[in-house]
Structure formats: C-alpha cells, structure tokens
Amino acid sequence: MSQDNSTIDGAVAVDPNQPPDPSRRFWVGTACAVGGVAGVATAVPFVGSFAPSAKARAAGAPVEVDLSTIPAGEMRTVEWRGKPVWVLHRTPKQLEDIKKDDALVADPNSDRPGYTPPYAKNEYRSRKPEHLVVVGICTHLGCSPTPHLAAVDGPGLPSPWEGGFLCPCHGSIFDLAGRVYKNKPAPDNLEVPPYQYSADGTHITIGVDEDNKA
C-alpha cells in the first residue's frame with residue numbers, strides 16, 4: 001500500500017521512494033559554497049599576517065654607500081638593521097697614526113672572536129686600508145661613541161691622542177681602526193659589519209659578504 005507524505009509533530013516525513021527535492025539540494029549546495037568562500041576569505045588575511053612588512057624587509061636590507069661622496073678625512077653615517085654604521089675615509093696620516101697604537105690597544109689584530117670578520121682581522125680592520133667600516137655602538141653597554149677625527153687632548157686620553165672614538169658613557173676609547181685601548185670598560189673592538197666592494201671599487205654594500213648573501 002502506498003504512503004503519502006504526512007505531517008508528524010510538525011515534521012514532514014519524506015517518502016524514500018521519491019527522488020530528492022531539487023530545490024532543497026540547491027540550497028544545501030549553496031550554503032556549502034558560501035561557507036567555503038567565507039573560510040578562504042578569513043584564511044587569506046590570517047596567512048598574510050605572517051608575511052614581513054615592507055618596513056621590516058627594508059630594515060634588514062643591504063645598504064649601498066657611494067665612496068666617492070666621502071672626502072679623505074671625513075666620515076659618513078648610514079643606518080643598517082637599526083644600527084649606525086660609520087664609513088670613514090682615512091688619510092695617509094691617519095693610517096700612519098694607527099700603527100702607533102698597536103702597543104696601546106687591547107686587541108691589535110682583532111683576534112678575539114665575535115666582532116670582526118676574517119677579512120678585517122688586520123691592523124686597519126678593513127678590506128682596504130683607506131676605508132673603515134664599523135658599527136658605531138660601544139661594545140661595553142651599547143652607547144654610541146663620539147668621533148674625534150683629529151688630534152685632541154683631554155683627561156683620560158692617551159697623550160698624544162691622534163683621534164678616534166670616545167664613549168661618553170663610561171670612557172672607553174677606540175682608535176681610528178675601531179680598536180679599544182687597554183684597561184677600558186669596553187671588552188672588544190667596535191663591530192665590523194659584513195660588507196663588500198663593488199667590482200669597480202667605487203661603492204660598498206653593507207650587509208653582504210662571502211658568508212652573508214643578500
């Protein structure tokens with residue numbers, strides 16, 4: 001005996017022998033599709049939040065310096081990874097004065113680990129003698145030393161002192177190669193960041209070298 005659809009406690013009984021209602025199938029499919037789109041719309045901003053911002057990418061990006069714009073005896077400060085980096089174009093006299101400091105500084109050839117790449121483990125702490133590239137932050141407690149690029153006299157300074165970098169916080173003194181003098185609070189020479197010269201030698205790029213690729 002056949003059975004018609006009937007209402008039982010407000011619910012509609014469906015005859016299993018009848019094909020499914022096409023309109024019901026349509027709305028179920030539509031609901032699933034809309035839910036899937038909403039899930040994707042929610043996921044895209046969430047995943048995108050893991051991508052570094054343009055400012056963050058720029059903060060760690062290499063910095064190029066045109067050496068032709070720095071006359072001999074002058075220094076340029078640039079920012080790399082939030083740190084001040086000094087690029088000093090040393091004169092022949094300044095290079096000679098550095099040699100006089102060998103017996104006065106604590107680590108003349110930068111043999112202590114941690115602050116100097118292999119190509120700067122020398123008297124001048126540089127790839128080429130005329131250019132010094134160092135991070136302008138004292139290795140003691142993070143103050144920024146004051147550059148003195150000419151001879152200066154003063155209490156606590158070597159006499160004669162042909163110039164260098166004097167930390168105003170606790171009196172650490174560095175020569176024009178960024179080497180710390182003996183018996184000063186700073187435990188190490190100024191940090192030499194990774195850098196390399198352009199093929200024609202007119203520019204340097206701070207932040208890249210043999211072991212640090214852009």
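A salt bridge here is a side-chain nitrogen of Lys or Arg within 4 Å of a carboxyl oxygen of Asp or Glu. The structure holds eight of these salt bridges. Keep in mind that this is a predicted model, in which local features need pLDDT of at least 70 and side-chain atom pairs count only at pLDDT 80 or more, while totals for chains, interfaces and linings use all residues. Residues are numbered from 1 along each chain as its sequence is written, and side-chain values use heavy atoms, with hydrogens and water left out.

**Exercise 1. Find out where the model deserves your trust.**

Task: State the mean pLDDT of the chain, then locate the strands with the lowest and highest confidence.

Solution.
- Step 1. pLDDT is the predictor's confidence in each residue, on a scale from 0 to 100. Its mean over the chain is 80, and 72% of the residues reach 70 or more.
- Step 2. Confidence is lowest in strand β1 (residues 7–8), with a mean of 42, and highest in strand β6 (residues 131–135), at 98.
- Step 3. Residues 5–14 have pLDDT below 50, and beyond near neighbours in sequence this stretch has six contacts in the model. A contact means heavy atoms within 4.5 Å.
- Step 4. Over residues 23–28 the pLDDT also stays under 50, and the model has one contact beyond four places in sequence for them.
- Step 5. Where pLDDT is low, the predicted coordinates should not be read in detail.

**Exercise 2. Describe the chain as a whole.**

Task: Give the order of helices and strands, then the chain totals for burial, contacts and surface.

Solution.
- Step 1. Helices (H or I, at least four residues) and strands (E, at least two) are DSSP runs, numbered from the N terminus. The chain has three helices and eleven strands.
- Step 2. Along the sequence they follow the pattern β-β-α-α-β-β-β-α-β-β-β-β-β-β.
- Step 3. Buried means under 20% relative accessible area, exposed over 50%, and partly exposed in between (1.4 Å probe, protein chains only). Of the 214 residues in the chain, 32% are buried.
- Step 4. Take the contacts between residues at least 6 apart in sequence: 54% of them join residues at least 24 apart.
- Step 5. The accessible surface comes to about 12700 Å², with 59% of it belonging to carbon and sulfur atoms. These areas come from the Shrake-Rupley method with a 1.4 Å probe; for residues, only the protein chains shown count as cover.

**Exercise 3. Trace the strand pairings around β5.**

Task: Which sense do the pairings of β5 with β4 and with β6 have, and over how many bridges?

Solution.
- Step 1. Two strands pair if DSSP finds at least two bridges between them. β4 and β5 pair in the antiparallel sense over six bridges, and Thr 77 stands opposite Trp 86 in β5.
- Step 2. β5 and β6 also pair in the antiparallel sense, over five bridges. Here Val 87 stands opposite Val 133 in β6.
- Step 3. Now look at the turn: β4 and β5 form a hairpin with two residues between them, and Arg 81 in that turn has a positive phi of about 55°. Arg 81 is exposed, at 52% relative accessible area.
- Step 4. Ser 110 has a phi near 55° too, a positive value in a residue other than glycine. Ser 110 is found in the loop between α3 and β6 and is buried, at 1% relative accessible area.

**Exercise 4. Follow the salt bridges.**

Task: Is each partner in the Asp 175 and Arg 179 salt bridge buried or exposed, and which residues make up a network?

Solution.
- Step 1. Asp 175 and Arg 179 form a salt bridge, their closest N and O atoms being 2.9 Å apart. Asp 175 is buried at 0% relative accessible area, and Arg 179 counts as buried at 0% as well.
- Step 2. Elsewhere, salt bridges that share partners join Lys 93, Asp 97, Lys 100 and Glu 162 into one network.
- Step 3. Within it, Glu 162 bridges to Lys 93 at 3.5 Å between the closest N and O atoms. Glu 162 lies in the loop between β7 (146–148) and β8 (164–166) and Lys 93 in helix α3 (residues 92–100), so the pair ties together parts that are 69 residues apart in sequence. Glu 162 is partly exposed, at 23%.
- Step 4. Asp 97 and Lys 100 meet in a salt bridge of 3.4 Å, N to O. They are three residues apart in helix α3, and therefore separated by about one helical turn. Asp 97 is buried at 6% relative accessible area, whereas Lys 100 is exposed at 56%.
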